[in-house]
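User: Could you take a close look at the metal site in this one for me? I'd like the coordination first, then whatever else is worth knowing.

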Amino acid sequence: MRVTLLGTGDTTGTPRPGCDCATCLAARERGVERTRSSVHVRNEATGDVLLVDASPDFRQQFLREGVSLPDAAVITHVHFDHLDGLGNVFRVLDHLPVYAADETDPETGESVAETVRRKYDYLDAVSVHPRTPCESFRVCGFDVTLVPVDHPPLLTYGLVIEAPETGATLALTGDTSYRVPDASREALRDADLLVADGIVPASLCSYHPLGGRDEDDAGVPRTFGTKHMTKEGALALADELDAREVRIVHCAHRYPPETAFDPPLGIDGETFDL
Ligand SMILES: [Zn+2]
Ligand SMILES: [Zn+2]
Ligand SMILES: [Zn+2]
């Protein structure tokens with residue numbers, strides 16, 4: 001499978017509109033960008049493309065990377081930066097099956113699948129296919145599993161995407177704190193590539209009104225506030241799960257400019273052949 005990171009930024013992206021911080025200036029100077037979350041996964045055996053999340057930057061991402069349009073999509077949760085790009089398929093795609101979890105979220109009173117259906121009911125191209133978390137399903141020739149993570153207050157899912165012919169495995173944490181349930185950790189284990197949420201370095205937790213939590217033995221917070229992992233949290237998770245390679249995504253513009261665009265932090269347009 002060929003994985004292209006279409007969007008590696010947080011909800012505002014980098015550079016952030018109106019921001020003149022050193023990292024946003026460095027991004028503009030270097031022509032580097034972090035748009036909102038999306039990953040393009042091409043099945044080299046079938047030619048099918050599975051899109052993970054529909055970024056509001058969908059149009060720009062596909063123009064920029066010159067990659068094939070998706071044959072199907074999976075939506076991890078209903079936050080703006082992962083869902084609101086779906087409207088871009090209007091007059092671009094004739095048909096887009098969208099897969100999402102079928103569990104009712106007490107917070108919204110509907111499942112991710114139901115929210116997608118309600119918001120995009122006006123788009124004939126979009127068909128919604130509810131799927132039960134932790135149960136593998138076949139799409140684009142991949143075996144795909146939604147796994148619950150921890151991104152309060154919304155029900156949110158990570159993903160495991162496996163190519164049955166080659167055994168290549170891509171794991172994505174989705175938006176999550178370090179409190180990924182044990183069963184989901186098991187499912188995300190041993191991936192060839194782990195794409196992990198790491199919004200800021202742990203040193204910035206003091207700027208969050210809730211601070212950090214889920215500290216390691218040295219007292220370093222692995223969760224920023226309650227919703228996202230720190231860089232250190234993402235790396236600790238990758239280590240624990242024995243991921244062969246890791247890229248940290250959902251990065252804010254607050255990473256120090258000297259290392260903001262270097263691995264293991266992902267940048268838009270990076271590709272991986274698994
Ligand atoms: Zn900035
Ligand atoms: Zn989110
Ligand atoms: Zn997000």
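Analyst: In this predicted model, the zinc ion (ligand 1) is held by three sulfurs and a nitrogen: SG of Cys19, SG of Cys21, SG of Cys24 and ND1 of His253, with distances of 2.1 to 2.3 Å. The angles between the 4 donor atoms come out at 105 to 115°, so the arrangement around the zinc ion is tetrahedral; the cut-off for that asks for all angles between 85 and 135 degrees. Along the sequence, the donor residues follow the spacing C-x1-C-x2-C-x228-H. That long gap ties distant parts of the chain together: Cys19 sits in the loop between β1 (2-7) and α1 (22-30), while His253 sits in the loop between β15 (246-249) and β16 (271-273), 234 residues apart. Both Cys19 and His253 are buried.

Now for the empty space inside. The structure has 1 cavity of 30 Å³ or more, and the largest cavity encloses about 140 Å³. It has 16 lining residues, and the closest to its centre are Ser37, Asp53, His82, Gly174 and Val249. Strands β2 (38-42) and β11 (193-197) each put at least two residues into that lining. By type, the lining of the largest cavity splits into 8 polar, 5 nonpolar and 3 charged residues.

One last piece is a little sheet. It's open, has 3 strands in the order β12-β13-β14, and pairs antiparallel. β12 (212-215) and β14 (228-229) are the edge strands, each pairing on one side only. Between β12 and β13 (residues 221-224) there are 3 bridges, and Glu215 has Pro221 in β13 as its bridge partner.

Note on methods. Residues numbered from 1 in each chain as written. Chains lettered and ligands numbered in written order. Predicted model: local features only at pLDDT ≥ 70, side-chain atom pairs only at ≥ 80, totals over all residues. Heavy atoms only, no water. Pairing = 2+ DSSP bridges. Helix = DSSP H or I, 4+ residues; strand = E, 2+ residues; numbered from the N terminus. Donors = N, O, S within 2.8 Å, 3.2 Å for Na, K, Ca; no water. Tetrahedral: all angles 85-135°; square planar, octahedral: opposite > 155°, others 65-115°. Buried < 20%, exposed > 50% of the residue type's maximum accessible area, 1.4 Å probe, protein only. 1 Å grid on protein atoms, 1.4 Å probe; cavity = no way out; pocket = protein on both sides within 12 Å on 5 of 7 lines; lining within 4 Å. Points joined across faces, edges and corners; volume = space filled by probe spheres on them. Nonpolar A, V, L, I, M, F, W, Y, C, P; charged D, E, K, R; others polar.
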